[in-house]
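Here are some exercises on reading a protein model, each with a worked solution. Have a look at the picture, try each task yourself, and then follow the steps.

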Amino acid sequence: MTILVTGGAGFIGSNFVFHMLEHHPSDKIVCVDKLTYAGNLSTLRSVMENPAFRFVRADICDRTAICRLFEEEKPDIVVNFAAESHVDRSIEDPGIFLTTNILGTQVLMDACRKYGITRYHQVSTDEVYGDLPLDRPDLFFTEETPIHTSSPYSSSKAGADLLVLAYHRTYGLPVTISRCSNNYGPYHFPEKLIPLMIINALADKPLPVYGEGLNVRDWLYVEDHCRAIDLIIHEGRVGEVYNVGGHNEMRNIDIVKLICEKLGKPESLITHVADRKGHDMRYAIDPTKIHNELGWLPETKFADGIQKTIDWYLANRDWWEEIISGEYQSYYEKMYGERDPLPVG
Ligand code: NAD
Ligand code: DAU
C-alpha cells in the first residue's frame, strides 16, 4: 500500500510518518510538503534514506505538481496534514489560511477523484466547534456539535471539513475526518504554547501568557493522535467524523507554571500580555465514538508526556535553535514586541 502524507515535515505529520514507517513497514510512505516556515527537512533526517520513504517538495495547491505525483505514486490512501496551523498568524494574515487549508484540500480531493484512492483522510481540529464556557464543565464537543468557528484559522479548517463531506456526498469520495484536540510532543514548532514556554524559560526570557491564562485546552500526546489516525484510515467508517481527545483539560497558566517547576525556573518569568483577539475559552473533546467503534484510548498520561516533551527539547537544542535563529526572530518581535504587558494580580 502507498500512503501519501501531506504536511509531513511539520509537527504532527512528521510524527505520523515515523509512526507509519515503524508500524506498517511493508507500506510505502510518500511525504509531500511545501516546506513553509513550519516545515523542516531536518525533522525527517532519520528517515530520508529509508527505502520505504520518499519526500517530495510541493505545494498542495499546485494542481500540476499534485497530479504528477499521483501519476507517479498511485497512492491508495491520502492523509492531509498540510495546513497553515497557527491561530495568531491567521489573525494577522488570513489569506494564506483560506488558500492552503481550503483550496489545497480541494486540489488533493480532485486528484483523488481523478486517479482513484481507497481513502482520503482529512486531519481537522476541535476548533471547528468553537469554544465552551468555563462555568459548564459538563459540556463537551461531540461529532454532532454544530460548527461554530472563532478565528480565520478555525473557519478555514471548518470550510475544508464541509468540502470534504460534500465530496463524499456528491461524488462518493471515500473520506474520513478526525477532529483532534491540542497536541504536544517532539518537533512542535516553537511558536506554539508549550514549546515557546520551554524555550523561553530555558533562556530566562519572559513567558508571555495571554490575558489571565485561564483558557482551557484539552492536551493529547502526539503519538496518541497518530495512533488514532492510523486506526481511522484502516478501520474507520467512510463518510464519518471522529473526535480525538483524552479528557486532559488544563488551564494555560497551570501548564506554564508546571514548565517553570520542571525546569527549575522562577514563576516571576511569567508575564501576562494582551489577550488573543476572539480567544476561545475552553476546548473539551468527547472521544466516546472513536473509543466505542475503534477501541482507541490515549496511552500517554500528561505527567509522562510533558516530561518526555521537555526532555526532548533539552536533548534536541540543535533542532529548535536553528529555527529560532532565523525568520522566527522577526515573527517573535512582531507578535510579542508590541504586546503590552498587563498589570499583575
Ligand atoms: P505544522 O504547522 O507544524 O505543520 C504544517 C506542515 O504543512 C508544515 O510542514 C508545512 O510546511 C506544511 N504545509 C503548509 N502549507 C502547505 C502547502 N500549501 N502545501 C504543502 N505543505 C504545506 O502543523 P501541525 O501542528 O503539525 O498540524 C498538522 C495538521 O493537524 C493541521 O491540519 C492542523 O490543522 C491539524 N491539527 C493540529 C493540532 C495541533 O495541536 N497542532 C490539533 C488538531 C489538528
Ligand atoms: O485545538 C487544536 C488546535 O490547537 C489546533 O487546531 C491548532 O493548529 C493548534 O495551533 C492549537 O491551537 P491553540 O490556539 O489552542 O494553540 P496555541 O499553542 O497557539 O495556544 C494554546 C493556548 O495558549 C491558547 O489559549 C493561547 C495561549 N497562548 C499561546 C501562545 C503561543 C499564550 O497564552 N501565550 C502564547 O505565547
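**Exercise 1.** Find which atoms of Asp33 an oxygen atom of ligand 1 approaches, and then see how the ligand is enclosed.

*Solution.*
Step 1. Look at the side chain of Asp33: one of its N or O atoms is 2.5 Å from an oxygen atom of ligand 1. This is a polar contact, meaning a pair of N or O atoms within 3.5 Å.
Step 2. Now take the nitrogen atoms: a nitrogen atom of ligand 1 is 3.0 Å from a polar backbone atom of Lys34, and a nitrogen atom of ligand 1 is 3.5 Å from an N or O atom in the Thr100 side chain.
Step 3. Turn to area. Ligand 1 exposes 840 Å² when taken alone, and the protein buries 97% of that (accessible areas come from the Shrake-Rupley method with a 1.4 Å probe).
Step 4. Ask which elements give two or more residues to the shell: they are helix H1 (11–23), strand E5 (119–125) and helix H5 (152–171). Helices (H or I, at least four residues) and strands (E, at least two) are DSSP runs, numbered from the N terminus. The largest share, three residues, comes from E5.

A note on the model: it is predicted, so local features need pLDDT of at least 70 and side-chain atom pairs count only at pLDDT 80 or more, while totals for chains, interfaces and linings use all residues. Residues are numbered from 1 along each chain as its sequence is written, chains are lettered from A and ligands numbered from 1 in the order in which they are written, and side-chain values use heavy atoms, leaving out hydrogens and water.

**Exercise 2.** Find which residues come nearest to ligand 2.

*Solution.*
Step 1. Among the 24 residues around ligand 2, the nearest are Asp126, Tyr153, Arg276, His279 and Tyr336 (a residue is near if one of its heavy atoms lies within 4 Å).
Step 2. Check the oxygen atoms of ligand 2. A polar side-chain atom lies 2.7 Å from one in the case of Thr125, 2.8 Å in the case of Arg217 and 2.6 Å in the case of Arg276.
Step 3. Ligand 2 taken alone exposes 680 Å², of which the protein buries 94%.
Step 4. Helix H6 (193–202) and strand E8 (207–210) each supply at least two residues of the shell, and E8 gives the largest share, three residues.

Note on methods: Polar contact = N/O pair within 3.5 Å; in protein donor to acceptor, adjacent residues only side chain to side chain.
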